[in-house]
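Okay, everyone, thanks for coming. Let me put the sequence and the model up, and then I'll walk through a few things I looked at.

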Amino acid sequence: MTIALSILATIATVFAGWRAMRRTRFFLHIFQLETYKFDRYGDWLLTHIPSAVVRLSHAVGAGLLGLAAAGFAYYDANWVALGLLPLWTLSFISSRRYRSDQEKKPLAFTARMTRLALATGAVALLPLACGALYGWMRADPSGFFWYLLGFLVTDLGAPLWVALGAGLTHPIETIIQEGFKREARQHLKERSNLSVIGITGSYGKTSTKFIVAELLRQKFNVYATPSSYNTPMGLCLAVNEHLKPEHQVLVLEYGIRYPGDIDELCDIARPSLSVVTTIGVAHLETMGSMDAIADEKGKLVEYTSPNGPTVLNADDDRVDAMAARADGPVWRISTEGAPDADITAHNIRYDTNGTSFSVTDDTGTTATFHTRLLGVHNVTNVLLAVAVGRSMGLRLRQMAHAAERIDPIEHRLQLRERGNVTIIDDAFNSNPIGARNAVEILGQMNEGRRVIVTPGMVELGERQWSENKTLGTHIAEHGIDLAVLIGSEQTAPIREGLAEAEFPDERVKIFESLFEAQEFLKQYLESGDVVLYENDLPDQY
């Protein structure tokens with residue numbers, strides 16, 4: 001009997017331990033995807049209680065322990081334990097919910113995550129260790145009750161252990177981050193001849209950043225942060241690790257999610273020239289209102305060095321109004337013929353090769369620009385970069401030549417070929433204006449069938465339903481042949497918009513994951529078809 005109990009206990013330990021480990025790793029991943037923010041992590045947990053936080057196995061485990069407690073009181077403890085252990089193994093044998101072979105953004109064991117994982121592991125082991133110790137002290141098979149109770153608490157409490165681990169490491173992380181900030185401030189203080197260009201806005205920051213860098217390279221040695229480095233630690237990493245003495249211009253983007261974010265970013269790197277692209281509904285959920293977003297973004301203008309230039313998108317009223325907050329010269333750009341704009345674009349044309357348009361600058365000079373970038377919003381981004389270039393002494397024709405070399409930015413209306421199928425990759429776009437613009441571009445493609453693949457947009461606060469519904473209507477109105485929607489619940493407002501615009505049901509396909517949709521498209525697509533991938537939500541959605 002003792003040998004049988006030992007074998008069954010070992011098997012139960014292996015499966016329950018594996019499941020608890022997978023579950024803890026899962027919630028560590030979610031915490032990282034939610035940018036290590038307690039409030040975002042808490043919101044995610046509250047919306048995923050039945051699907052991830054509390055599972056049927058926990059109820060079954062609690063029921064088994066209840067039956068075992070009664071059994072130990074009335075029957076032979078050996079036989080009760082002999083029945084309990086295999087049933088426990090069966091209850092916790094599956095960890096499928098907590099693993100994925102196709103994570104879009106896998107868990108990254110950075111130094112910070114390693115510290116968090118160690119702290120979380122230490123906290124998570126406490127209930128298990130207490131249960132095991134107390135069970136061992138019982139010195140009879142009824143001790144398995146306490147051992148398995150420890151496992152149940154460890155497994156069920158996984159999301160809590162991650163939060164507690166984060167709370168324990170928070171002071172350490174704060175000290176480390178403050179050290180990075182001091183180092184970045186000191187680096188910039190020693191570079192008085194360095195021009196720091198700060199770019200903010202709800203949309204177009206990253207694209208504008210890369211375009212500014214490309215145009216300015218005609219005259220300067222430029223460093224622009226890679227990808228979407230727009231957080232305090234992203235700026236610190238760029239300044240501390242990548243900025244070299246030979247760089248004359250540093251191009252940074254300033255992202256916000258909460259009030260006060262611009263203050264924190266400018267405390268690290270104050271711009272000598274600022275650019276504001278647009279004000280939109282991105283992060284409306286955390287900022288509260290469009291006016292609050294504009295107020296926060298406008299702080300970048302106020303933080304600009306005395307007499308430093310400010311470049312504004314005059315087609316956006318909230319951005320244009322920021323001129324009143326500027327201390328130095330203001331450059332305005334427009335694609336819509338704003339009368340007071342210094343840099344304007346007209347005669348805009350685009351096709352599968354990119355976009356062509358004419359630009360007139362502050363001197364009245366006109367030049368034709370051609371770029372592989374798609375969409376009117378990218379024309380706005382180019383004009384913003386042209387204004388930066390003009391404020392720093394570049395000539396218009398010089399910049400027109402440079403614009404031809406601008407590479408499409410990955411996952412932002414990026415044109416690609418997959419066999420004989422054209423892909424418009426707009427997977428990083430998550431704003432309503434950009435999404436509608438992408439649909440219009442898809443609608444103008446005349447070769448083959450036009451297919452959109454999208455999960456819709458998130459983090460739009462109270463406007464999330466209406467904006468997604470409008471996207472559905474927009475899809476129906478622009479001659480799209482097939483709408484492939486990812487996530488039945490997430491895309492409900494898009495379907496509502498499609499239905500209201502009388503888009504045929506048979507031209508709508510719904511899948512629960514992008515991977516399922518791609519399997520379908522492998523069979524569906526034919527030579528000449530064009531597919532728009534519009535937004536790609538991360539793993540936690």
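So, which elements of the chain have the lowest and the highest mean pLDDT? This is a predicted model, so that's where I'd like to start. At the low end is helix α12, residues 284-287, with a mean of 76. At the high end we have strand β5, residues 310-313, at 98. For the chain overall, the mean pLDDT is 90, and 97% of the residues get to 70 or more.

Since β5 came up, let's stay with the strands. β5 pairs with β4 in the parallel sense, over three bridges. On the other pairing, β4 is joined to strand β1, residues 195-200, by four bridges, and those two run parallel as well. Have a look at Val276 in β4. Its bridge partner in β5 is Leu312, and Thr200 stands opposite Val276 too.

Now the side chains of β4, residues 273-276. Leu273 and Val275 point one way, Ser274 and Val276 point the other way, and all of them are buried. That's the textbook pattern: in a regular strand, side chains alternate between the two faces of the sheet.

Next, empty space. How many cavities of 30 Å³ or more does a search of the whole structure find? One. Its volume is about 30 Å³. The lining is made of Ala16, Ala20, Trp88, Phe92, Phe151 and Asp155. Helices α1 (2-33) and α7 (143-156) are the elements that give two or more residues to that lining. By character, that's five nonpolar residues, no polar ones and one charged.

Then there's the second largest pocket, at about 280 Å³. It has 16 lining residues, and the closest to its centre are Ala20, Met21, Thr24, Gly121 and Ala124. So you'll see Ala20 again, as it was in the cavity lining too. Here the elements giving two or more residues are α1, α6 (111-138) and α7. α1 gives the most, with seven residues. The lining splits into nine nonpolar, five polar and two charged.

Last topic, cysteines. How many disulfides does a search of the whole structure find? Zero. Why is Cys236 without a bond to Cys266? Because Cys266 holds the closest cysteine sulfur, and that's 13 Å from the sulfur of Cys236, too far for a bond. Is Cys236 buried or exposed? Buried, because its relative accessibility is 1%, and the cut-off for buried is under 20%.

That's my tour, so over to you.

Conventions. Residues are numbered from 1 along each chain as its sequence is written. This is a predicted model: local features need pLDDT of at least 70, side-chain atom pairs count only at pLDDT 80 or more; totals for chains, interfaces and linings use all residues. Side-chain values use heavy atoms; hydrogens and water are left out. On a 1 Å grid over the protein atoms alone, a cavity is a set of points where a 1.4 Å probe fits but cannot get out, and a pocket is an open set with protein on both sides within 12 Å along at least five of seven lines; lining residues have an atom within 4 Å of a point. Grid points are joined across faces, edges and corners, and a volume is the space filled by probe spheres set on the points. Ala, Val, Leu, Ile, Met, Phe, Trp, Tyr, Cys and Pro count as nonpolar, Asp, Glu, Lys and Arg as charged, and the others, Gly among them, as polar. A disulfide is a pair of cysteine sulfur atoms within 2.5 Å. Buried means under 20% relative accessible area, exposed over 50%, partly exposed in between (1.4 Å probe, protein chains only). pLDDT is the predictor's confidence in each residue, from 0 to 100. Two strands pair if DSSP finds at least two bridges between them.
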